[in-house]
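Thanks for sharing this one. Please have the structure open while you read, as my points go from the whole chain down to single residues.

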Amino acid sequence: MSTPTVSSAVIHPAWLRLTHWLNAVAVVVLATSGWRIYNAAPFFPFELPRALTLGGWLGGALQWHFAAMWLLVGNGLLYLAINIASGRLRRQFFPLTSRLLLADFAAALKGKLAHADPRRYNMVQRAAYLFVMLDCIVLVLSGLVLWKSVQFPLLRELMGGYDSARRVHFIAMALLTGFVGVHLVMVALVPRTLVAMLRGR
């Protein structure tokens, strides 16, 4: 029996591609509607361009935000559950060592980070994807404080209060948006990664 080559082997199974694209939709809707909500009561000395926001007005933005919130939470839980149950989380994201991470990061800055086998993540990818998972958890927890502050008093206090939770939520979304921007640049540099996420191979 012949061993499948890298080009013919499945890189991303169907469940991974589905959850990836659903998360992409959720993040875009959450970010753009969240920017509109922020503009209604900004706590930094700037507002975001209205053309980049979704919802038209505060009530509409909140409706979009809540709808995308449920999509992110449900889809995120499915993604984590399958990753853990299948052992993929351990295989793809660990081990993660600081020495190899720094070496891969230095190679990335020089444009020499290897992508020979798209089925295996390098250390920079492992760190980035683990960061996104943790960042999404922070987004959900801080979002719970903003949505149901009275029902989650302990969580509210752990966040430093309601106003602090707003800032945590905004910064966590800014970091996630930054990751998406870098991710898109990397896809442009290595276009076969987009093909693999669309076709699985």
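Here are my numbered points on the fold, one pocket and a few residues.

1. A reminder to start with: this is a predicted model. The protein chain has 8 helices and 0 strands, and read along the sequence it follows the pattern α-α-α-α-α-α-α-α. Along the principal axes, its C-alpha atoms fill a box of roughly 60 × 35 × 35 Å.

2. On packing, 35% of the 201 residues in the protein chain are buried. Among contacts with a separation of 6 or more, 65% are between residues 24 or more positions apart.

3. What does the surface consist of? The chain exposes about 12,200 Å², and carbon and sulfur atoms supply 72% of that area. As for charge, there are 19 positive and 6 negative charges, and their mean positions are 13 Å apart.

4. The second largest pocket deserves a look, with its volume of about 670 Å³. It is lined by 26 residues, and I37, H65, G143, L146 and H169 are the closest to its centre. Helix 1 (14-40), helix 2, helix 5 (123-147) and helix 7 (162-189) each give two or more residues to the lining. Which of the elements gives the largest share of the lining? That is helix 2, with 7 residues.

5. Staying with helix 2 (residues 58-86), please find N83, which has its place there. Is N83 buried or exposed? Its relative accessibility is 0%, so N83 counts as buried, the limit being under 20%. Leaving aside neighbours within four places in sequence, N83 is in contact with W15, R88, L89 and F93.

6. Y79 also has its place in helix 2. With a relative accessible area of 16%, Y79 is buried, because the value falls under the 20% cut-off. Leaving aside neighbours within four places in sequence, Y79 is in contact with W15, L16, T19, R88, F93 and M133. W15, R88 and F93 thus appear among the contacts of both Y79 and N83. Between the C-alpha atoms of Y79 and L89, 10 residues apart in sequence, the separation is 10.0 Å.

7. Next, please check P95, in the loop between helix 3 (88-93) and helix 4 (98-109). The peptide bond from F94 to P95 is cis, with omega near 0 degrees. P95 counts as exposed because its relative accessibility is 56%, and exposed means over 50%.

8. What does P95 touch, not counting residues up to four places away in sequence? The answer is M123 and R126. P95 and M123 are 28 residues apart along the chain, and their C-alpha atoms are separated by 8.8 Å.

9. My last residue is A106, which lies in helix 4. A106 has a relative accessibility of 31%, so it counts as partly exposed; that class covers values between the 20% and 50% limits. From A106 to R36 the distance is 37 Å, C-alpha to C-alpha, and the two residues are 70 apart in sequence.

10. To sum up the residues, N83 is buried and Y79 is buried, whereas P95 is exposed and A106 is partly exposed. If you have time for one detail, please look at the cis bond from F94 to P95.

How values were computed
Residues are numbered from 1 along each chain as its sequence is written. This is a predicted model: local features need pLDDT of at least 70, side-chain atom pairs count only at pLDDT 80 or more; totals for chains, interfaces and linings use all residues. Side-chain values use heavy atoms; hydrogens and water are left out. Helices (H or I, at least four residues) and strands (E, at least two) are DSSP runs, numbered from the N terminus. Buried means under 20% relative accessible area, exposed over 50%, partly exposed in between (1.4 Å probe, protein chains only). Contact means heavy atoms within 4.5 Å. Accessible areas come from the Shrake-Rupley method with a 1.4 Å probe; for residues, only the protein chains shown count as cover. Lys and Arg count as positive and Asp and Glu as negative; His and the chain ends are not counted. The place of a charge is taken as NZ of Lys, CZ of Arg, CG of Asp or CD of Glu. On a 1 Å grid over the protein atoms alone, a cavity is a set of points where a 1.4 Å probe fits but cannot get out, and a pocket is an open set with protein on both sides within 12 Å along at least five of seven lines; lining residues have an atom within 4 Å of a point. Grid points are joined across faces, edges and corners, and a volume is the space filled by probe spheres set on the points.
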